[in-house]
Amino acid sequence: MRRQIPGLHSRHQDSETGFDGVFLVRVERAWYRRHPQKPFVELRFVILEPRSFRDRSFFSRLYCTEKALWKLHWFLRDFGYDADLLNRDQVDEKAFLNLRGVVRTSHKIVNARSSQNLDSFAPAGEWEVVSCASIDGADAQDR
């Protein structure tokens, strides 16, 4: 059976290019992945800002190990995840959908595997401040 998948030909090109920088994003999809040593939540983000990256997407992981829970909590808090679910230590994949916030990302290649790291987060309401600060920081490095 043949299926039409719009944009399929251009996705390979997007996956070769990692994103480094600060982006206003929306969670498009979330999956909890049970792994014996390192369970994780896999997230697909759609970039909303800056405009030059709008509608491009990327995947990343947030690990659910005891040592990594601080980062998952930080993400959930800043992206406005349901406080009641958070207080009950529950992760609902559907509750992730359409959460918005700011992420600082870096692209890494380790052992020939490409990954998109989530380095830091901020609430979506802080986009203007964070984006201006990252532009000012980039200008200072260029000098």
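These legends describe close-up views of one predicted model.

**View 1. The whole chain holds five helices and five strands.**
Along the sequence, the elements run α-β-β-β-α-α-α-β-β-α. The chain has 143 residues, and 34% of them are buried. Contacts also reach along the chain. Taking those between residues at least 6 apart in sequence, 50% join residues at least 24 apart.

**View 2. Five strands make an open, antiparallel sheet.**
The strand order is β3-β2-β1-β4-β5. The edges belong to β3 and to β5 (113–123). Each edge strand has a single partner, so one of its sides has no neighbour in the sheet. From one strand to the next, the twist averages 45°. Helix α2 packs on this sheet and touches β1, β2, β3, β4 (100–110) and β5. The directions of α2 and β5 make an angle of about 55°. As a general rule, sheet strands pair through backbone hydrogen bonds, in either a parallel or an antiparallel sense.

**View 3. Strands β1 and β2 are joined by a hairpin.**
Six residues make the connection between the two strands. Strand β1 covers residues 21–33, and its antiparallel pairing with β2 runs over nine bridges. Two pairs of residues can be picked out here. Trp31 has Glu42 of β2 as its bridge partner. Arg33 stands opposite Phe40, also in β2.

**View 4. Strand β2 (residues 40–49) is largely enclosed by the rest of the structure.**
Why is β2 described as enclosed? Nine of its 10 residues are buried, so the rest of the structure largely surrounds the strand. Strand β3 (residues 57–63) pairs with β2 in the antiparallel sense, over seven bridges. In this pairing, Leu43 stands opposite Ser60 of β3.

**View 5. Helix α2 carries several buried residues.**
Leu72, Phe75, Leu76 and Asp78 are buried in this helix. A general point helps in reading such a pattern: an α-helix has 3.6 residues a turn, so residues three or four places apart point the same way. Gly80 follows α2 and has a positive phi, near 80°.

**View 6. The second largest pocket has a volume of about 200 Å³.**
Its lining consists of Tyr32, Cys64, Leu69, Leu72, His73, Leu76, Leu86, Asp89, Gln90 and Val91. Which helix gives the most to this lining? Helix α2 (residues 69–78) does, with four residues. By character, the lining residues are seven nonpolar, two polar and one charged. Leu72 and Leu76 belong to the lining, and both are buried in α2.

**View 7. Leu85 sits in helix α3 (residues 83–87).**
Is Leu85 buried or exposed? Its relative accessibility is 13%, so Leu85 counts as buried; the cut-off for buried is under 20%. Setting aside neighbours within four places in sequence, Leu85 is in contact with Gln90, Asp92 and Ala95. Gln90 is also one of the residues lining the second largest pocket. Leu85 and Ala95 lie 10 residues apart in sequence. In space, 8.9 Å separates their C-alpha atoms.

Conventions. Residues are numbered from 1 along each chain as its sequence is written. This is a predicted model: local features need pLDDT of at least 70, side-chain atom pairs count only at pLDDT 80 or more; totals for chains, interfaces and linings use all residues. Side-chain values use heavy atoms; hydrogens and water are left out. On a 1 Å grid over the protein atoms alone, a cavity is a set of points where a 1.4 Å probe fits but cannot get out, and a pocket is an open set with protein on both sides within 12 Å along at least five of seven lines; lining residues have an atom within 4 Å of a point. Grid points are joined across faces, edges and corners, and a volume is the space filled by probe spheres set on the points. Ala, Val, Leu, Ile, Met, Phe, Trp, Tyr, Cys and Pro count as nonpolar, Asp, Glu, Lys and Arg as charged, and the others, Gly among them, as polar. Buried means under 20% relative accessible area, exposed over 50%, partly exposed in between (1.4 Å probe, protein chains only). Two strands pair if DSSP finds at least two bridges between them. Axes are lines fitted to C-alpha atoms, for helices over the stretch in contact, and angles run from 0 to 180 degrees between N-to-C directions. Contact means heavy atoms within 4.5 Å.
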